[in-house]
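Hi everyone, thanks for making room for me today. I'd like to walk you through one structure, so please have a look at the screen.

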Amino acid sequence: MRIGDVDALLSMPLAIVYKHSPLCGLSERARHEAERFLSNHPGQEIHEVDVIEDRQVSDYIETRTGIRHESPQIIVLRDGKAVWCASHSRVTAEAIASNIE
């Protein structure tokens with residue numbers, strides 16, 4: 001993902017961003033939850049940011065949304081504003097689903 005991609009996400013009516021660290025076991029569990037969410041919501045998309053490889057993008061998301069960086073982390077954006085976020089073990093398929101409706 002690039003910084004311009006973040007700007008595009010902020011212009012969408014609904015966008016879900018997942019911040020992932022490939023060095024963290026907890027991130028792998030959270031990724032599994034995001035994938036489980038997607039399998040139950042085939043019309044949705046989750047935009048993943050590798051916080052190691054794309055640190056500038058991750059920092060830009062923090063700046064634009066005001067949501068302090070954590071990893072793993074899910075951020076739900078509506079019309080350019082962060083309306084919900086969760087990190088670590090609070091990233092679950094059910095939590096994502098309940099916060100996009």
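Strand S1 and strand S3, residues 73–78, run antiparallel and are joined by five bridges. If you want one pair to look for, find Val17, whose bridge partner in S3 is Ile75. Do keep in mind that this is a predicted model.

Now, S1 has another partner. With strand S2, residues 46–50, S1 pairs in the parallel sense, again over five bridges. Here Val17 stands opposite His47. And how do S1 and S2 fit together with helix H2? S1, H2 (residues 25–40) and S2 make a right-handed β-α-β unit.

Let's look at the side chains of S1. In a regular strand, side chains alternate between the two faces of the sheet. In our case, Ala15, Val17 and Lys19 point one way, while Ile16, Tyr18 and His20 point the other way. Are they buried or exposed? Every one of these is buried. Since six of the six residues of S1 are buried, this strand is largely enclosed by the rest of the structure.

My last stop is Thr65, in helix H3, which covers residues 55–65. Thr65 has a relative accessible area of 18%, and buried means under 20%, so Thr65 counts as buried. What does its side chain reach? One contact is the backbone nitrogen of Ile67, at 3.1 Å. A polar atom of the Thr65 side chain also lies 2.7 Å from the backbone oxygen of Ile61. Leaving aside residues up to four places away in sequence, Thr65 touches Leu10, Leu77 and Ala82.

Thanks for listening!

Definitions and conventions:
Residues are numbered from 1 along each chain as its sequence is written. This is a predicted model: local features need pLDDT of at least 70, side-chain atom pairs count only at pLDDT 80 or more; totals for chains, interfaces and linings use all residues. Side-chain values use heavy atoms; hydrogens and water are left out. Helices (H or I, at least four residues) and strands (E, at least two) are DSSP runs, numbered from the N terminus. Buried means under 20% relative accessible area, exposed over 50%, partly exposed in between (1.4 Å probe, protein chains only). A polar contact is a pair of N or O atoms within 3.5 Å; within protein, one must be able to donate a hydrogen and the other to accept it, and residues adjacent in sequence count only if both atoms are side-chain atoms. Contact means heavy atoms within 4.5 Å. Two strands pair if DSSP finds at least two bridges between them. A crossover is right-handed if, with the strands pointing away from the viewer, the path from the first strand over the helix to the second runs clockwise.
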